[in-house]
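Trainee: I have a model open and would like to go through it by question and answer. Where should we begin?

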Amino acid sequence: MLTLFDPLLRDLAAEPIDLSPRRFGLVAACDGGLLEVSGLSIPVGAMCRVAHKPGTTLAAEVIGFRNGRTLMMLLGDSVMLRPGARVHPEGKPGMLPVGAAFLGRAVDGEGLPIDGGPPIHARSEWPSGGLRTSALDRSPVRETFDTGVRSLNALTTFGIGQRIGVMAGSGVGKSVLMDMIARGAEADIIVVGLIGERAREVSDFVERHMHAEKRDRTVVVAVPADHAPNLRLRGAMLATSMAEHFRAQGKKVLLILDSLTRVAHAAREIGLLLGEPGAARGYPPSALATITKLVERAGNSAASGGSITGLYTVLADGDNQDDPVVDTARAILDGHVVLNRALAQRGQYPAVDIAASLSRVMNDIVSPDHQKLAREFRALTASYEANRDLVLMGAYRSGADPQLDRAIAMHELLTAFLCQFGGEIIDIDTSAAQLAALLGP
Ligand SMILES: Nc1ncnc2c1ncn2[C@@H]1O[C@H](COP(=O)(O)OP(=O)(O)OP(=O)(O)O)[C@@H](O)[C@H]1O
Ligand SMILES: [Mg+2]
């Protein structure tokens with residue numbers, strides 16, 4: 001029994017004793033989730049506890065200051081909060097807990113366990129905004145990354161350290177594809193950030209992945225949709241910081257963030273609350289800057305030899321590919337996979353639209369033969385899709401276009417190549433060999 005307390009006692013002994021006077025502020029105004037606090041001078045990003053009902057406190061985070069007052073966002077409900085309530089700063093501002101203690105665990109945006117397991121004693125901390133490194137520390141993408149998904153491995157081959165967006169409307173299969181990749185991918189550590197998703201999906205994911213063989217290498221950070229926007233943002237930062245911590249140890253990390261759009265929504269809510277003007281589709285400039293910064297933190301590190309391969313899902317609202325988040329993500333990412341609703345409706349899963357998907361590093365990392373076969377595959381599917389209606393109506397007479405003839409003859413085989421069951425894992429060599437066998441002489 002006493003051994004249970006050992007890590008706790010060790011942590012306490014290592015903690016420096018702070019004898020400086022305790023300061024607190026007072027709640028001066030409360031407007032929705034926004035608090036104005038007087039008498040506190042603490043930096044943006046600091047966490048505080050606000051005295052609430054007798055004996056209970058509410059968490060709040062500093063998001064700005066104005067006219068001598070500190071602006072904070074409540075992480076919970078403002079019901080029963082009184083004017084003049086005391087606000088105490090807590091923890092180290094801007095630092096997030098990271099470390100091996102989180103492996104095999106599922107935590108919330110504050111790093112507290114949600115899997116019913118024992119408390120986590122994090123030994124290290126990481127700045128929530130990341131450590132800024134020189135652009136030259138990002139070594140180029142040189143090795144292929146195995147996703148375990150045949151169509152992606154063969155036709156839009158990803159590299160270790162690449163940042164990829166998975167873009168689709170709602171319900172087209174982004175989360176299921178992420179799930180397949182989390183299971184099939186080759187990585188030392190897998191960090192999964194489920195931000196703004198449904199609570200049911202979070203519990204499903206944790207249930208499935210925390211009993212799988214990769215459990216000891218996986219961390220899940222989950223902040224469902226009903227949580228405060230700054231908690232959602234914090235969840236995304238925590239997942240990214242966690243990945244950066246492992247990369248600094250030279251590990252090959254896979255970071256999955258589902259979804260980047262919901263992180264942008266959270267940043268939009270905070271920006272608007274602080275009075276920033278909404279620009280494109282109501283997104284203030286800071287919201288788009290937030291996701292750019294977040295995505296830029298993934299990549300290879302020359303200093304440690306580690307890498308973060310980033311996979312971000314992007315919701316194309318109403319299947320609109322010109323959404324500001326889709327646009328920003330496409331511009332900053334090194335590749336994107338587009339899922340197509342029409343394919344999903346035909347039952348083709350994963351519904352990858354090969355013509356619209358692109359890996360910007362593929363040509364640097366696969367053999368010329370593989371590139372040629374992938375181009376051929378794209379040409380055949382594009383040719384069939386362009387003439388699909390004609391062919392189905394019987395208006396096309398064979399012999400008119402040899403490329404289309406071949407595409408029609410091979411259509412079923414090509415479609416079968418793109419399909420894959422959720423439980424199946426197809427590694428990159430097998431994927432390339434199957435592509436060669438399909439299109440080979
Ligand atoms: N590979 C697959 N095999 C079979 N069914 C699938 C597959 N992928 C998706 N589906 C079906 O599509 C549904 C929606 O998928 P998913 O939850 O991944 O969508 P999403 O794009 O993440 O949606 P949202 O934007 O709402 O989060 C699933 O519940 C499932 O029925
Ligand atoms: Mg989803």
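Mentor: Begin with Leu260, which is found in helix 6 (residues 260–273). Keep in mind that this is a predicted model.

Trainee: Is Leu260 buried or exposed?

Mentor: The class follows from the relative accessible area, and buried means under 20%. Leu260 has 0% relative accessibility, so Leu260 counts as buried.

Trainee: How far apart in space are Leu260 and Thr157?

Mentor: In sequence, Leu260 and Thr157 are 103 residues apart. In space the distance is taken from C-alpha to C-alpha, and for Leu260 and Thr157 that gives 22 Å.

Trainee: Now the ligand. Which residues come nearest to ligand 1?

Mentor: There are 13 residues around ligand 1. By class, this shell has 4 nonpolar, 5 polar and 4 charged residues. The nearest of the 13 are Gly171, Lys174, Ser175, Val176 and Arg198.

Trainee: Which helix gives the largest share of the shell around ligand 1?

Mentor: The largest share amounts to 3 residues. These come from the helix that spans residues 174–184, which is helix 3.

Trainee: How many Å separate an oxygen atom of ligand 1 from an N or O atom in the side chain of Arg198?

Mentor: Take the backbone contacts before that one. A backbone N or O atom of Gly171 lies 2.8 Å from an oxygen atom of ligand 1, and for a backbone N or O atom of Val172 the distance is 3.3 Å. With the side chain of Arg198, the distance to an oxygen atom of ligand 1 is 2.6 Å.

Trainee: What percentage of the exposed area of ligand 1 does the protein bury?

Mentor: Start from ligand 1 taken alone, which exposes 630 Å². Of that area, the protein buries 70%.

Trainee: Arg198 was named above. Which residue forms a salt bridge with Arg198?

Mentor: Side chains of opposite charge can pair when their charged atoms come close. At 45% relative accessibility, Arg198 counts as partly exposed. The closest N and O atoms of its salt bridge are 3.0 Å apart, and the partner is Glu201.

Trainee: How many salt bridges does a search of the whole structure find?

Mentor: One of them joins the side chains of Asp179 and Arg183, at 3.1 Å from N to O. Asp179 and Arg183 both lie in helix 3, 4 residues apart, about one turn of the helix. Asp179 is buried at 6% relative accessible area, while Arg183 is partly exposed at 30%. Over the whole structure, the search finds 18.

Trainee: The side chains of Glu61 and Arg234 also meet in a salt bridge, at 3.3 Å from N to O. How many residues apart in sequence are the parts that this pair ties together?

Mentor: Glu61 lies in strand 4 (residues 57–66) and Arg234 in helix 5 (residues 229–248), so the pair ties together parts that lie apart in sequence. Both Glu61 and Arg234 are buried. The separation in residues is 173.

Trainee: Last, the surface. What accessible area do Leu4, Phe5, Leu8, Leu9 and Leu12 have together?

Mentor: Phe5 is found in helix 1 (residues 2–14), and at 39% relative accessibility Phe5 counts as partly exposed. Residues in a patch need over 30% relative accessible area, so Phe5 passes that cut-off. The five named residues form a nonpolar patch on the surface, with a joint accessible area of about 520 Å².

Methods:
Residues are numbered from 1 along each chain as its sequence is written. Chains are lettered from A and ligands numbered from 1 in the order in which they are written. This is a predicted model: local features need pLDDT of at least 70, side-chain atom pairs count only at pLDDT 80 or more; totals for chains, interfaces and linings use all residues. Side-chain values use heavy atoms; hydrogens and water are left out. A residue is near a molecule or strand if one of its heavy atoms lies within 4 Å of it. A polar contact is a pair of N or O atoms within 3.5 Å; within protein, one must be able to donate a hydrogen and the other to accept it, and residues adjacent in sequence count only if both atoms are side-chain atoms. Accessible areas come from the Shrake-Rupley method with a 1.4 Å probe; for residues, only the protein chains shown count as cover. Helices (H or I, at least four residues) and strands (E, at least two) are DSSP runs, numbered from the N terminus. Ala, Val, Leu, Ile, Met, Phe, Trp, Tyr, Cys and Pro count as nonpolar, Asp, Glu, Lys and Arg as charged, and the others, Gly among them, as polar. A salt bridge is a side-chain nitrogen of Lys or Arg within 4 Å of a carboxyl oxygen of Asp or Glu. Buried means under 20% relative accessible area, exposed over 50%, partly exposed in between (1.4 Å probe, protein chains only). Patches are made of residues with over 30% relative accessible area and no salt bridge: like charges are joined within 9 Å, nonpolar side chains (Val, Leu, Ile, Met, Phe, Trp, Tyr) within 5 Å.
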